[in-house]
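Hi there,

Here is the structure I promised to pass on. Have a look at it first, and my notes follow underneath.

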Amino acid sequence: MQRFVGFVYQEVRMHCRKGQPYSIEITLASHGGIRGRCSQCQQPAPSYDRLPERRWSFVPLWGIPTCFRYAPRRVQCPKHGVVVEHIPWSEGKRPVTCAMMGFLARWARRLSWRETAQVFQTSWESVYRSVEWFVQWGLAHRELQGVESIGVDEIHWGHGLRADNFLTVIYQIDAHCRRLLWVGKRRSQATLRRGLKALGPEVVKGLRFVCSDMWKPYLQVIAAQAGQALHVLDRFHITMHLNQAVDQVRRAESSRLRAKSKEAAQRLKHMRWPLLRRGSRVRGRARQRLDALLASKLATARAWELKETFFHLWGYKSVIWAGAFLDYWCFRAMRSRLEPMKKVARMLRAHEELLLNWFRAKGEISTGAVEGLNNKIRVVTRRSYGFRTYNAMEMALYHTLGRLPEPESAHKFC
Ligand SMILES: [Zn+2]
């Protein structure tokens, strides 16, 4: 059992019903010879009076719900007046001990919050509060030194496409540390400015690389605030734009064919995923169907071919050759008569310099990091986790992806 200086365990009582234990109560008392401490400044101060007994739930022992009982003193601090004493296992008015909050928060990383609440016979709310406490402690104690590369990304959340359905996230994507640094509502300039402000001017000044999508508000803020950093459009987002374009071509063609004859439309049926995957990774029967499709004169086949060709770009080492290839690709895309592909080409041309920065930064930033973190975020924000509020989800994101330092605890069970 953890020892608290100035306090003693007075009594442990187990309550049973029909021969089965259902709760354990641990009564604590203040040590006679040691003065209480002021909760504001933690300095010893003379006792003033005693408040009614309070209870705090503690880590379950042998699976039995356990609580602490203690009647706090009030002390007369010369500086702060009459205040409640400092209680080392408690934080503010919470009815849960710090040990229990740490315990629940650690389990909440492995189980869903609801499962955590069920297993340890507590409420969802108390799991949420525990995670929140844990995260806030972590955010207050984390180190932001040495952040050189960040990725800025937007994440869709919940249903609909309103401004509130998007989040802006900032990741650290240095090779030695990949983590979530910040999350905020919406994806406007104001959001990103708020995020950079939260990281502090020191961090922003020290940035060498910023990775992002071609989202205009982000581009503008990054140019204005982190002008010294090399701004890179990352491969993950460009691949996403290309895939979306191929899919648009497929859908449009599919409905065109269906209007003509059912048989012709068969070719495009169930082809969405084989078309979007990297060509070299499509195998088996999907491969046969893909080959058949590619042999046809369909627009989808041409779009797919353009998408696959684009992939060669990432193999270049020289910025000049990469630039030449990009010109060639855009030229072909513009002549393809496929409006979605032309749109991508125009977008890439408009941001050519930023795209080529990818080759200038090569080897310096871990290129899969944004994608990896983006995928992990999707797992957390998936609706099945059932976060009832934005704040709960924000806490969950920091909790699982923030690599935050943890408050020390004598009860690390997992
Ligand atoms: Zn004080």
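By the ring-pair rule, the count comes to 23 aromatic pairs. Please keep in mind as you read that this is a predicted model.

One of the pairs is F68 with W89: the ring centres are 5.7 Å apart and the planes stand at 80°, so the pair is edge-to-face. F68 belongs to strand β5 (residues 64–70), while W89 sits in the loop between β7 (81–84) and α1 (98–110), so this pair ties together parts that are 21 residues apart in sequence. F68 has a relative accessibility of 1% and counts as buried. W89 is buried too, at 2%.

Another edge-to-face pair is made by W358 and F359, with 5.3 Å from centre to centre and 75° between the planes. W358 is buried at a relative accessible area of 4%, and F359 is buried at 5%.

F68 and W89 also turn up in a wider group: together with F4, F7, Y9, W56, F58 and Y70 they form one aromatic cluster.

Two arginines are worth a click while you are looking at rings. R17 lies over the face of Y22, at 4.2 Å from the ring centre. R187 does likewise with W215, lying over its face at 4.1 Å from the ring centre.

**The β4–β5 hairpin**

Where does W56 of that cluster stand relative to F68? W56 is opposite F68, which is in β5. Strand β4 (residues 54–61) and β5 run antiparallel and are joined by six bridges. The two strands form a hairpin with two residues between them.

W62 is in the turn of this hairpin, and its phi is positive, about 50°. Most residues other than glycine have a negative phi, which is why I looked at this spot twice. Is W62 buried or exposed? With a relative accessibility of 74%, W62 counts as exposed.

A positive phi also appears at Q42, near 65°, again in a residue other than glycine. Q42 is found in the loop between β2 (20–30) and β3 (47–50). Its relative accessible area is 37%, so Q42 is partly exposed.

**The zinc site**

Which residues hold the zinc ion as protein donors? They are C38, C41 and C77, each through SG, and H80 through ND1, at 2.1 to 2.3 Å from the ion. The angles among the four donor atoms run from 104 to 116°, and the site is tetrahedral. If you want to find the donors in the sequence, their spacing is C-x2-C-x35-C-x2-H.

I also checked how accessible two of these donors are. C77 is buried, with a relative accessible area of 6%. H80, at 32%, is partly exposed.

**Salt bridges**

Side chains of opposite charge can pair when their charged atoms come close. The count here comes to 25 salt bridges.

One of them joins R55 to E25, with 2.6 Å between the closest N and O atoms. This pair links distant parts of the chain, as R55 is in strand β4 and E25 in strand β2, 30 residues apart. R55 is partly exposed at 44% relative accessibility, whereas E25 is buried at 9%.

E25 also meets R69 in a salt bridge, at 2.7 Å from N to O. R69 lies in strand β5 and E25 in strand β2, so the pair ties together parts that are 44 residues apart in sequence. R69 is partly exposed, with a relative accessible area of 21%.

A salt bridge within a helix is the one between E202 and K205, where the closest N and O atoms are 4.0 Å apart. The two residues are three apart in helix α5 (residues 201–205), which means they are separated by about one helical turn. Both E202 and K205 are exposed.

Coming back to E25, salt bridges with shared partners join E25, E53, R55 and R69 into one network.

If you open the model with a few minutes to spare, I would begin at the hairpin: W56 and F68 stand opposite each other there, and both are in the aromatic cluster. From there, R55 in β4 leads you to E25 in β2.

Best wishes

Terms used: Residues are numbered from 1 along each chain as its sequence is written. This is a predicted model: local features need pLDDT of at least 70, side-chain atom pairs count only at pLDDT 80 or more; totals for chains, interfaces and linings use all residues. Side-chain values use heavy atoms; hydrogens and water are left out. Donors are N, O and S atoms within 2.8 Å of the metal (3.2 Å for Na, K and Ca); water is not among the atoms, so sites may look incomplete. Four donors count as tetrahedral if all angles lie between 85 and 135 degrees; four count as square planar and six as octahedral if opposite donors are over 155 degrees apart and all others between 65 and 115; anything else is irregular. Buried means under 20% relative accessible area, exposed over 50%, partly exposed in between (1.4 Å probe, protein chains only). Rings of Phe, Tyr and Trp (its six-membered ring) pair if their centres lie within 6.5 Å; planes under 30 degrees apart count as stacked, over 60 as edge-to-face and the rest as tilted. A charge sits over a ring if NZ of Lys or CZ of Arg is within 6 Å of the ring centre and within 35 degrees of the ring normal. Two strands pair if DSSP finds at least two bridges between them. A salt bridge is a side-chain nitrogen of Lys or Arg within 4 Å of a carboxyl oxygen of Asp or Glu.
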